[in-house]
Amino acid sequence: MLKEDIAFPAAATAIIDRQRVRWQALIDQLNVLDLKETENALTMGDLFVLIEREFGAKSMKEAAAGANIAWGTAYSRYRVSKKIPKDSPLRERPLSYAQFRAIADTEEPEEWADRCMAEQLSTSQLMEAIRREGDGQAVSTGQPCIQCNQSMADSGETIVAFSIGNGKRARCCNPECALAYFEEYVREKDQDGEEEQDPLADQE
């Protein structure tokens with residue numbers, strides 16, 4: 001004798017309905033944000049942090065697609081909000097989103113925020129200062145070349161440092177390694193397609 005289908009619990013159905021409503025509410029909030037406003041950029045990042053917390057990391061791409069937001073932009077803003085959360089005192093600093101994004105990639109964002117304000121650095125000046133300090137530390141601490149894995153301290157040559165798109169700073173121990181890295185990068189991008197950049201990434 002076949003068993004009758006067991007009815008889906010009403011309580012579980014109610015939970016699913018509430019999750020569906022909550023999901024749509026978050027998507028609606030993303031849809032009304034202006035991509036080019038600093039305050040909205042931080043709010044967007046906070047929303048993606050919420051989505052990750054409530055629905056899991058994999059759901060963030062679905063949310064970005066549902067709100068017609070490029071994944072590169074969505075992930076950039078999520079990453080800034082994870083490093084500089086909503087309740088962080090850093091949020092009170094009068095910095096542009098691009099400056100928040102730059103200091104979020106550092107080990108001491110508070111110190112860089114203070115320096116940015118004290119020296120009245122533009123976004124480009126702030127980013128250049130962060131790059132110079134990072135390059136110096138890479139050599140002094142013997143960080144490995146991204147291409148050949150040789151220690152920067154042992155290379156005996158001028159290192160080549162660069163950033164591609166919205167990516168983090170990359171460093172090679174010599175020009176030959178840098179050229180090999182770029183050639184490999186271009187081949188991979190030709191296969192995968194170019195990622196759209198965040199429209200506020202270079203904002204002054």
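**Exercise 1.** Place E37 in this predicted model: between which two helices is the loop that holds E37?

*Solution.*
Step 1. The helix α1 covers 10-31, and α2 covers 38-55.
Step 2. E37 sits in the loop between α1 and α2.
Step 3. Now take its accessibility. E37 has 43% relative accessibility. Partly exposed residues lie between the 20% and 50% limits, so E37 counts as partly exposed.
Step 4. Look for a partner distant in sequence. Y97 is 60 residues from E37 along the chain. In space, their C-alpha atoms are 8.2 Å apart.

**Exercise 2.** Find how many disulfides the model has, and check C173 and C177.

*Solution.*
Step 1. Set the cut-off: two cysteine sulfurs must be within 2.5 Å.
Step 2. Test C173. Its nearest cysteine sulfur belongs to C148, 3.6 Å away. C173 is in no disulfide.
Step 3. Test C177. The closest cysteine sulfur is again in C148, 3.7 Å away, which is too far for a bond.
Step 4. State the count: zero disulfides.
Step 5. Add the burial. Buried means under 20% relative accessible area. C173 has 1%, so C173 is buried. C177 has 11%, so C177 is buried.

**Exercise 3.** Describe the surroundings of E108: which charge does its surface patch carry?

*Solution.*
Step 1. Locate E108. The loop between α5 (97-104) and α6 (109-118) contains E108.
Step 2. Check accessibility. E108 has a relative accessible area of 36%, so E108 is partly exposed.
Step 3. List the patch members: E107, E108, E110, E111 and E133.
Step 4. Read the sign. The patch on the surface is one of negative charge.

Key. Residues numbered from 1 in each chain as written. Predicted model: local features only at pLDDT ≥ 70, side-chain atom pairs only at ≥ 80, totals over all residues. Heavy atoms only, no water. Buried < 20%, exposed > 50% of the residue type's maximum accessible area, 1.4 Å probe, protein only. Helix = DSSP H or I, 4+ residues; strand = E, 2+ residues; numbered from the N terminus. Patch = residues over 30% accessible without salt bridge, like charges linked within 9 Å, V, L, I, M, F, W, Y side chains within 5 Å. Areas by Shrake-Rupley, 256 points an atom, 1.4 Å probe, with all protein chains shown as cover. Salt bridge = Lys/Arg side-chain N within 4 Å of Asp/Glu carboxyl O. Lys, Arg positive; Asp, Glu negative; His and termini not counted. Charge placed at Lys NZ, Arg CZ, Asp CG, Glu CD.
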